[in-house]
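Notebook open, structure loaded. I want to go through the strands, the disulfide and the core, and jot down what I find.

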Amino acid sequence: QVQLVESGGGLVQAGGSLRLSCAASGSIASISAVGWYRQAPGNEREFIAVITSAGSTKYADSVKGRFTISRDNARNTVYLQMNSLNPEDTAVYYCKAVVVHSNTFKTFDAWGQGTLVTVSS
């Protein structure tokens, strides 16, 4: 069993900042890439950012320069620092980790339950 738990969402005014956390626990041998995604009401889930085990990062154009993804491998935690938020960033934010199971050594995608970010104008 592997769990991903997101936290840090909430209500913020336009121009403000939030930092989301994604903590992984359970039967984990290793975690490679971890990504953040978001889904606004009526929209499909979209990619936001990803970080590899080596620390390489990639961002969607819509958040480049405003969001920063980072990871603490010792804590199995990935962060998403979000600055200069605007109402279009309102969505449920999810993290996804590519996990190697410590018992089966199979690789699979684990998703968190999501955390709501609401940006008011």
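Before the hairpins, a reminder to myself: a strand here is a DSSP run of E with at least two residues, numbered from the N terminus. Also for the record, this is a predicted model.

**Entry 1: the β5–β6 hairpin.** I started with the hairpin of β5 and β6, where five residues sit between the strands. Glycine 55 has a positive phi there, near 95 degrees. The two strands run antiparallel and are joined by three bridges, with β6 covering residues 57–59. I looked up one pair: alanine 49 has tyrosine 59 in β6 as its bridge partner.

**Entry 2: one hairpin back.** Next I checked β4 (residues 28–39) against β5 (residues 46–51); they are antiparallel too, with five bridges between them. Glycine 35 finds its bridge partner in β5, and that partner is valine 50. This hairpin has six residues between its strands, and glycine 42 takes a positive phi near 80 degrees.

**Entry 3: the open sheet.** I then traced a sheet of four strands, which is open and reads β1-β3-β8-β7 with antiparallel pairing. β1 and β7 are at the edges with a single partner strand each, so one side of each has no neighbour in the sheet. On average, neighbouring strands in this sheet are turned by 15 degrees against each other, ignoring direction. I zoomed in on β1 and β3, which pair antiparallel over six bridges. Valine 2 is matched there with glycine 26 of β3 as its bridge partner. A note on strands in general: side chains alternate between the two faces of the sheet when the strand is regular.

**Entry 4: the disulfide.** How many disulfides are there? The count is one disulfide. Cysteine 22 and cysteine 95 form it, with their sulfur atoms 2.0 Å apart. The link between cysteine 22 and cysteine 95 is right-handed, with 70 degrees about the S-S bond. Cysteine 22 belongs to β3 (residues 18–26) and cysteine 95 to β9 (residues 91–101), so the pair ties together parts 73 residues apart in sequence. Buried or exposed, I wondered, for cysteine 22 and cysteine 95? Both cysteine 22 and cysteine 95 are buried.

**Entry 5: the core.** The largest nonpolar core has 32 residues, and those touching the most other members are Trp36, Phe67, Ile69, Leu80, Met82 and Tyr93. I listed strands that each supply at least two residues of this core, among them β1 (2–7), β7 (67–72), β8 (77–82) and β11 (115–120). β9 gives the largest share of this core, five residues. I picked tyrosine 93 for a closer look. Not counting neighbours within four places in sequence, tyrosine 93 has contacts including Leu20, Trp36, Phe67, Leu80, Met82 and Val117. Glu6, Arg38 and Thr115 are also among the contacts of tyrosine 93.

**Entry 6: a leucine in a loop.** Last stop was leucine 85, in the loop between β8 and β9. Why does leucine 85 count as buried? Because its relative accessibility is 1%, and the cut-off for buried is under 20%. I went through the residues that leucine 85 touches, leaving out those up to four places away in sequence, and found Val12, Ala14, Leu18, Arg66, Phe67 and Val119 among them. Leucine 85 and valine 12 are 73 residues apart in sequence, yet 8.1 Å apart in space from C-alpha to C-alpha.

Key:
Residues numbered from 1 in each chain as written. Heavy atoms only, no water. Pairing = 2+ DSSP bridges. Disulfide = S-S within 2.5 Å. Buried < 20%, exposed > 50% of the residue type's maximum accessible area, 1.4 Å probe, protein only. Core = buried A, V, L, I, M, F, W, Y, C linked by side-chain atoms within 4.5 Å. Contact = heavy atoms within 4.5 Å. Axes fitted to C-alpha atoms, helices over the stretch in contact; angles between N-to-C directions.
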